[in-house]
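User: I would like a close look at the cysteines of this protein and at the side-chain contacts around the rest of the chain. Please take the cysteines before anything else, and keep it plain.

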Amino acid sequence: MSHRNTRILSGCAALLLCAGLSGCRSVPASRPSASPDPAAHLLGLTAEQRMEDYEYLWSTLRDSYPCWGILEREGVEVERIYTTYREMVAESDSDADFYSAIYSALYLLGTNGHLSIIEPEAYFSDYLPAAGQYRREGKTHWAEVLDSTDTQTRYRKLLALEQAANGTDAESSIPGSGGDTPNLTTLLLPGGAAGYLKIDRFPADYTSDAAALEAFYLQCAGCTDLILDLTDNSGGSELYWEQLLVAPHIDHPLSSRHLALVRRSANNNPYLDEAFSPSAFRPLSTLPELLGLDAAD
């Protein structure tokens with residue numbers, strides 16, 4: 001069979017497992033329903049390819065996802081979720097239903113480790129621009145997965161599918177097409193004693209925000225207070241807040257020590273090896289005793 005269009009959604013899920021950007025979902029899971037004709041075959045997948053894609057996703061999760069012990073402790077019925085949505089994929093001849101089934105299955109598994117699909121709008125607004133930053137950090141594999149021609153083509157198909165189902169214009173959701181909204185809101189409050197800064201997300205490519213914030217901090221030089229409003233912030237890169245919110249307002253370096261529990265696998269290793277030095281990896285047997293930590297998780 002042809003593999004030209006297969007594994008579209010599995011590739012999306014693999015990106016989120018490995019990319020270091022955080023975020024939250026609020027869309028509830030739902031049983032895939034009959035899709036309108038415009039969205040039914042926009043991905044161009046056959047029934048065989050949809051099933052192969054579904055099985056590939058679950059195979060990758062079983063081999064690479066590190067939080068199965070947590071799901072077991074929380075009582076998540078993993079096998080029931082897998083079986084239920086596998087049946088839905090098998091029963092429907094619709095790409096839109098296929099996408100809905102995978103989205104719903106991942107939603108029901110929960111967000112431990114930020115498990116979810118990187119949705120099309122988030123890919124174009126946050127993850128695709130992050131490729132340049134990852135290259136500068138030496139994370140070549142991360143960048144190649146994010147901005148490859150195949151990834152961009154498949155995400156355009158996913159965006160078209162999503163927008164067709166919603167009856168909206170796909171291109172308006174792509175950055176640079178006129179659908180962007182400002183990430184920063186800056187104000188000098190009356191009296192000049194306080195500055196106000198609202199940031200809606202922490203994108204990995206923060207070059208333009210860095211220039212805007214530097215100019216705003218200069219305007220606030222005479223202020224006694226600076227209000228940082230993150231109430232609507234959806235998350236993002238840790239480097240953003242480290243470099244743009246913390247670093248400009250301290251007079252000496254700050255540091256902290258972190259322990260990251262990771263799972264080695266053929267899928268994960270290329271990302272982990274670019275994110276950590278070889279000496280950073282230690283077996284679980286060397287993990288210090290931490291209150292409340294179950295090493296089996």
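Analyst: The sulfur of Cys220 has its closest cysteine sulfur in Cys223, at 4.4 Å, which is too far for a bond. A disulfide would need the two sulfur atoms within 2.5 Å. Seen from the other side, Cys223 has its closest cysteine sulfur in Cys220, again at 4.4 Å and too far for a bond. Over the whole structure, the search finds zero disulfides. This is a predicted model, and the distances are computed from its atoms. Cys220 counts as buried, at 11% relative accessibility. Cys223 counts as buried too, at 17%.

Next come the charged contacts. The count of salt bridges is 11. One of them joins Lys198 to Asp200, with the closest N and O atoms 2.5 Å apart. Lys198 also has a salt bridge with Asp232, where the closest N and O atoms are 3.3 Å apart. Asp232 lies in the loop between β3 (225-229) and α11, and Lys198 lies in strand β2, so this pair ties together parts that are 34 residues apart in sequence. Burial can be listed for each of these residues. Lys198 is buried, with a relative accessible area of 15%. Asp200 is partly exposed at 23%, and Asp232 is exposed at 52%. The bridges of Lys198 therefore run from a buried residue to one that is partly exposed and one that is exposed.

Another salt bridge pairs Arg264 with Asp273, the closest N and O atoms being 2.8 Å apart. Here Arg264 is partly exposed, with a relative accessible area of 41%, and Asp273 is partly exposed, at 46%. Salt bridges also link Arg50, Asp93 and Asp95 in a network.

Ser94 is found in the loop between α5 (78-91) and α6 (95-109). Its relative accessible area is 6%, so Ser94 is buried. A polar atom of the Ser94 side chain lies 3.1 Å from the backbone nitrogen of Asp97.

The aromatic rings are the next topic. A search of the whole structure gives 12 aromatic pairs. In one of them, Tyr65 and Trp68 have ring centres 5.3 Å apart and planes at 85°, so the pair is edge-to-face. The cut-off for that class is an angle over 60 degrees. Tyr65 is buried, with a relative accessible area of 1%. Phe202 and Tyr240 make a stacked pair, with 4.9 Å from centre to centre and 25° between the planes. This pair links distant parts of the chain, 38 residues apart: Phe202 is in the loop between β2 (194-199) and α10 (207-219), and Tyr240 is in helix α11 (residues 238-246). Both Phe202 and Tyr240 are buried. Ring pairs also join Tyr54, Trp58 and Tyr82 into a cluster.

Tyr82 has a charged neighbour as well: Arg62 lies over the face of the Tyr82 ring, at 5.1 Å from the ring centre. A second charge of this kind is Lys139, which lies over the face of Trp142, at 4.6 Å from the ring centre.

Last is a helix. Helix α9 (residues 149-166) has 18 residues. From its first C-alpha to its last, α9 reaches 26 Å, close to the 26 Å expected at 1.5 Å a residue. The buried residues of α9 are Thr151, Tyr155, Leu158, Leu159, Leu161, Glu162 and Gln163. After α9 comes Gly167, whose phi is positive, near 75°.

To return to the request, Cys220 and Cys223 are both buried, yet their sulfurs, at 4.4 Å, are too far apart for a bond. Elsewhere, Lys198 is bridged to Asp200 and to Asp232, and the stacked pair of Phe202 and Tyr240 links distant parts of the chain.

How values were computed
Residues numbered from 1 in each chain as written. Predicted model: local features only at pLDDT ≥ 70, side-chain atom pairs only at ≥ 80, totals over all residues. Heavy atoms only, no water. Phe/Tyr/Trp six-rings, centres within 6.5 Å; stacked < 30°, edge-to-face > 60°. Buried < 20%, exposed > 50% of the residue type's maximum accessible area, 1.4 Å probe, protein only. Helix = DSSP H or I, 4+ residues; strand = E, 2+ residues; numbered from the N terminus. Lys NZ or Arg CZ within 6 Å of the ring centre and 35° of its normal. Salt bridge = Lys/Arg side-chain N within 4 Å of Asp/Glu carboxyl O. Polar contact = N/O pair within 3.5 Å; in protein donor to acceptor, adjacent residues only side chain to side chain. Expected span 1.5 Å × (residues − 1).
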